[in-house]
Amino acid sequence: MSTEKVAVHEMVTRMGLEARRLGFSETFIWCDFIPRLRKFAIYYDRHGYVWYDPAITQQVVDEHAKRFEEGTLGADAFSRVRTYAHRMNEFYLTGTFHIHTPRRGTRYEISPDNEHLLYEFIAWKNYGPNTRDDVVWVLRRYFHHFENRGIFRIEDITLDMVREFISDTAAAVKPASLHNIMLYLRYFYSFLKTTDLTVPDAEGLFSYKVYRDYPIQSYVTDEELERILAVIDTETEAGKRNKAIILLAANTGLRACDIMKLKLRDIDWRRGQIQLPQKKTGEMVYMPLTEDVGEALQDYILNARPHLDCPEVFLRISPPKVALTDPASIGSMFIAYQKKAGIERKAFDGKGFHGLRRRLAKKLLVTGTSLSTISQILGHDDPLTARQYLSLDVENLRECALDFRLIPVEREALL
């Protein structure tokens, strides 16, 4: 959370330097990025404002929204204004660009003040991209609930109102959604204790444990993995990188968000192991560096990875050559190879990139590895989470099933 007062023109300059550090081209920075930021600075100058303020930036967005509604401004132009307004706000709060803008068409429109508070919380908690989307949805829903009742200040939300919100929400959403709502709002009220805002302590109300339902999902089979690896062109930079990513996931069970953040220093070549803090749990995990994974990593790092001052192992293929920023891009890459290998997919079939993680869990189960050990290998913060993988061990489950052959029945169709 930023507490520094900064002049708007100074912030534009800093944002230009940050864009250069992230690897954006000079053409983009000077012909697109900086000019769009300066339009906001011009508004500040015209109205006599010196210091950057997200509320003033929102005024610029509101002016353009009015023009858009009147038909004097196109949808693309208005979208760019909103995008750069959010980029300025995220830089003001975090010093870089990594907070995703709200998805277009959100059901939960909220006031600029609450929007600002939401982004301050995200910056304070430093969530990953996928989790950040869930947090934005939860906080927007929370603020929108009370704004519809005429309450626009977090300080005016009483404990009784919070209890009513929990009761209404529990009846309206599924357990998985309620789990996220309770979890992120508990963290949010923990964050509020670090601010100057005087709010009731509602953290305890959101501490009730809600267990999510774990649906039975499939996994990527060994045969499917072999077909995918066979269609990767390992003569290219993209092929070398993607093969290393896929083998790393298949042999370690790392999530896409952790593979994306894997740093060169996390690989201990002498000891033959990888160690890193997991993004989801914050826990340090240690895993062996198998021969095939080590060879794929070496091939990419030595023969394809650009020699840039970037600590992350896996970099973008297209400029700017910086670390991957969106785990979804890894999933999209995996799907593209599945299509190329002729592997048919169905919605929610469990055979996406995360299916490599379930593949490892299944292999560990059939070799007799205990659930507690599997939880440690996969980095679960709750050992009970590994129970969801029991459904993958079909052969052993058959041994546990009751034998109905000795039970007499009158209808042969039931046999």
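1. In this predicted model, the largest nonpolar core comprises 63 residues, and those with the most contacts inside it are Leu139, Tyr142, Ile154, Leu185, Phe188, Tyr189 and Phe206. At least two residues of this core come from each of the helices H1 (8-21), H2 (26-46), H3 (54-70), H4 (75-94), H5 (112-125), H6 (129-147), H7 (159-170) and H8 (175-192). Helix H8 gives the most to the core, with nine residues.

2. Leu139 may serve as a point of entry when inspecting this core, since its neighbours are listed explicitly: leaving aside residues up to four places away in sequence, Leu139 touches Leu118, Phe121, Leu185 and Phe188. Apart from the core just described lies another one, of 42 residues, which includes Ala296, Leu297, Tyr300 and Phe314.

3. Turning to charged side chains, a search of the whole structure finds 18 salt bridges. One of these joins the side chains of Arg36 and Asp32, with an N to O distance of 3.1 Å. The two residues are four apart in helix H2, so about one helical turn separates Arg36 from Asp32. Arg36 is partly exposed, at a relative accessible area of 23%, and Asp32, at 23% relative accessibility, also counts as partly exposed.

4. A salt bridge is also found between the side chains of Lys193 and Glu203, at 2.8 Å from N to O. Lys193 and Glu203 both lie in the loop between H8 and helix H9 (222-230), so this pair ties together parts that are 10 residues apart in sequence. Lys193 counts as exposed, its relative accessibility being 52%.

5. Which residue forms a salt bridge with Asp222? The partner is Arg359, and the closest N and O atoms of the pair are 2.9 Å apart. Because Arg359 lies in helix H14 (residues 355-366) and Asp222 in helix H9, the pair ties together parts that are 137 residues apart in sequence. The two ends of this bridge fall into separate accessibility classes, since Arg359 counts as buried at 10% relative accessibility, whereas Asp222, at 36%, counts as partly exposed. The cut-off that places Arg359 among the buried residues is a relative accessible area under 20%.

6. Finally, salt bridges are not confined to isolated pairs in this model, as Arg153, Glu155 and Asp156 are linked in a network of salt bridges. A colleague viewing this network may also wish to look at Ile154, which is among the residues with the most contacts inside the largest nonpolar core.

Note on methods: Residues are numbered from 1 along each chain as its sequence is written. This is a predicted model: local features need pLDDT of at least 70, side-chain atom pairs count only at pLDDT 80 or more; totals for chains, interfaces and linings use all residues. Side-chain values use heavy atoms; hydrogens and water are left out. A nonpolar core is a set of buried Ala, Val, Leu, Ile, Met, Phe, Trp, Tyr and Cys residues joined through side-chain atoms within 4.5 Å. Buried means under 20% relative accessible area, exposed over 50%, partly exposed in between (1.4 Å probe, protein chains only). Contact means heavy atoms within 4.5 Å. A salt bridge is a side-chain nitrogen of Lys or Arg within 4 Å of a carboxyl oxygen of Asp or Glu.
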